[in-house]
Amino acid sequence: MSSPFRFEIVARDPNTRARAGLLHTPHGVIETPVFMPVGTAATVKAIDQDALEELGVRLLLANTYHLYLRPGHETVQQLGGLHRFMGWPHAILTDSGGFQIMSLQGLGKVTEEGFHFRSHLDGSTHFLSPEDAVNVQLSLGADIIMMLDQCLAYPATEEATRRAARLTVRWARRARQHFDRIQTGDAPASVSTGPRRPNSEPRAPALFGIVQGGVDRELRREAAEQMVELGFEGYAIGGLAVGEPKEVMYEIAEFTASHLPEERPRYLMGVGTPADLVECAARGVDMFDCVLPTRNARNACLFTSQGRISIRNARYACDPSPVDPTCLCRVCRRYSRGYLRHLFTAREVLAAMLATYHNLYFYLDTMMKIRQAICSGEYGTYWSRVRTGP
Ligand SMILES: [Zn+2]
């Protein structure tokens with residue numbers, strides 16, 4: 001077995017809750033706080049793995065729901081697991097699929113047992129239990145596995161929020177027990193989806209619990225305490241960034257994080273803008289993922305040190321300056337705003353590629369600055385500088 005998953009805190013900011021750490025995974029050590037680009041179908045859209053490595057990405061997120069439906073986790077497993085399949089020797093986190101099932105065209109139905117859902121591809125019916133979600137992710141070979149949870153849209157009624165938060169805790173218990181039985185060899189890794197035991201590649205993946213509870217502090221506290229009692233290698237704060245006001249999101253993220261163990265990584269799911277990363281790192285969050293940099297890039301929306309710009313705007317037609325004059329990425333060193341605008345206007349494939357590269361560079365650069373500020377004990381200063389804006 002390769003060395004098990006471990007989280008090590010290397011610096012704490014004296015004036016905020018921010019901390020810098022090292023996440024030891026079977027596929028490398030990751031510096032935190034970390035932003036994970038989203039590789040939905042085992043690919044981060046419009047950018048290849050060489051470029052991701054060049055950008056310094058060492059932890060990617062892949063979507064269990066999408067890979068389960070296409071090409072199928074058995075196919076990925078036959079091709080050597082997700083790392084070999086997508087040519088990615090670094091770490092991978094897979095989400096459980098619950099969020100996609102509930103958010104994609106409302107094709108899901110939840111019961112105590114799990115999710116009954118229809119494929120958005122061909123309408124075929126499927127069932128995913130908390131145990132199945134563990135099995136699928138193990139057969140994909142992820143380094144970090146997320147438990148199946150029920151995430152609600154905002155706003156939700158108090159009753160629905162309570163039901164989802166408590167169901168998620170019961171599913172957490174099932175996921176934990178099932179995962180542990182597989183790791184100790186007491187249970188075959190197959191339930192209704194029937195994947196075989198994970199391939200022989202040595203690894204010791206981590207299982208993360210997810211705290212739900214909407215914007216209700218009492219439910220969040222209850223859920224966090226019960227999750228911690230079950231004991232996970234890391235904890236995610238789910239069910240935020242689903243439409244609630246920003247200040248509420250920050251407040252609930254901070255409140256939830258304060259009820260999670262200091263020595264475990266905290267992952268705020270689906271967040272966010274560069275400003276959100278700065279705000280939430282200050283509140284003790286270690287891990288983030290979001291489609292924003294990549295999705296926005298494909299929609300010609302670019303992140304810069306002066307705020308977002310829509311590169312399709314006619315004002316950039318004859319602009320010889322780079323996307324962001326302070327950016328050191330290879331896109332900004334080589335191409336002008338005028339050229340990028342032309343590529344988007346002409347619907348050239350290169351437009352999405354260059355924009356994606358730049359946006360991810362911007363995000364990773366932001367994370368590097370966050371980490372440096374924490375390590376030098378100056379996060380408070382950095383935070384207030386970002387808040388006052390460009
Ligand atoms: Zn750039």
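Q: Which residues of β7 point one way, and which the other way?
A: In this predicted model, Ala 91, Leu 93 and Asp 95 point one way from β7, whereas Ile 92 and Thr 94 point the other way. All of these residues are buried.

Q: Why is strand β7 called mostly covered?
A: A residue counts as buried when its relative accessible area is under 20%. In β7 (residues 91–95), 5 of its 5 residues are buried, and the strand is described as mostly covered on that basis.

Q: What makes β6 and β7 a pair, and in which sense do they run?
A: Two strands are taken to pair if there are at least two bridges between them. Strand β6 (residues 59–63) and β7 are joined over 5 bridges, in the parallel sense; the criterion of at least two is therefore met. As one register point, Asn 63 stands opposite Asp 95 in β7.

Q: How do you know that β7 and β11 pair?
A: Strand β11 (residues 144–146) and β7 share 2 bridges in the parallel sense. The requirement is at least two bridges, so the pairing is accepted. Leu 93 has Ile 144 as its bridge partner in β11.

Q: In what order do the 9 strands of the open sheet lie?
A: The order is β4-β15-β14-β13-β12-β11-β7-β6-β5, and the pairing is parallel.

Q: What makes β4 and β5 edge strands?
A: β4 (34–36) and β5 (38–39) each pair on one side only. For β4, a pairing is made with strand β15 (residues 287–289), in the parallel sense over 3 bridges. Within this pairing, Met 36 stands opposite Asp 289 in β15.

Q: Which helix lies across β4 and β15, and at about what angle to β4 does it run?
A: Helix α14 (residues 349–375) lies across these two strands, and its direction makes about 155° with that of β4.

Q: How many strands form the open sheet with antiparallel pairing, and in what order?
A: This sheet has 3 strands in the order β1-β2-β3. Its edge strands are β1 (6–12) and β3 (28–32), each of which pairs on one side only. The twist from one strand to the next averages 20°.

Q: What makes β1 and β2 a pair?
A: Strand β2 (residues 19–25) runs antiparallel to β1 and is joined to it by 6 bridges. At least two bridges are needed, so the two strands pair. Ile 9 stands opposite Gly 21 in β2. Helix α14 packs on the sheet, where it touches β1, β2 and β3, and its direction makes about 115° with that of β2.

Q: Which residues are the closest to the centre of the largest pocket?
A: The largest pocket holds about 760 Å³ of space. Of the 32 residues that line it, the closest to its centre are Asn 63, Phe 99, Gln 100, Asp 289 and Val 291. β6, α5 (98–103) and α11 (292–298) each supply at least two lining residues, and the largest share, 4 residues, comes from α5. By class, the lining divides into 13 nonpolar, 13 polar and 6 charged residues.

Q: Which element gives the most to the lining of the second largest pocket?
A: α14 gives the most, with 5 residues. The volume of this second largest pocket is about 610 Å³. It is lined by 24 residues, and those closest to its centre are Thr 304, Ser 305, Phe 362, Thr 366 and Val 386. Elements that each supply at least two lining residues include α10 (274–281), β16 (301–304) and α15 (379–388). The lining comprises 11 nonpolar, 7 polar and 6 charged residues.

Q: Why is helix α6 called mostly covered?
A: In α6 (residues 130–140), 11 of its 11 residues are buried, and the helix is described as mostly covered accordingly. Among the buried residues are Glu 131, Asp 132, Asn 135 and Gln 137, as well as Val 134 and Leu 138. Just after α6, Gly 141 takes a positive phi of about 90°.

Q: Why is Gly 108 called partly exposed?
A: Gly 108, which is found in strand β8 (residues 108–110), has a relative accessible area of 24%. Buried requires under 20% and exposed requires over 50%; Gly 108 lies in between and is therefore partly exposed.

Q: Which residues does Gly 108 touch, not counting those up to four places away in sequence?
A: Gly 108 touches Ile 101, Met 102, His 116 and Phe 117. The C-alpha atoms of Gly 108 and Gln 137 are separated by 19 Å, and the two residues are 29 residues apart along the chain.

Technical notes: Residues numbered from 1 in each chain as written. Predicted model: local features only at pLDDT ≥ 70, side-chain atom pairs only at ≥ 80, totals over all residues. Heavy atoms only, no water. Buried < 20%, exposed > 50% of the residue type's maximum accessible area, 1.4 Å probe, protein only. Contact = heavy atoms within 4.5 Å. Axes fitted to C-alpha atoms, helices over the stretch in contact; angles between N-to-C directions. 1 Å grid on protein atoms, 1.4 Å probe; cavity = no way out; pocket = protein on both sides within 12 Å on 5 of 7 lines; lining within 4 Å. Points joined across faces, edges and corners; volume = space filled by probe spheres on them. Nonpolar A, V, L, I, M, F, W, Y, C, P; charged D, E, K, R; others polar.
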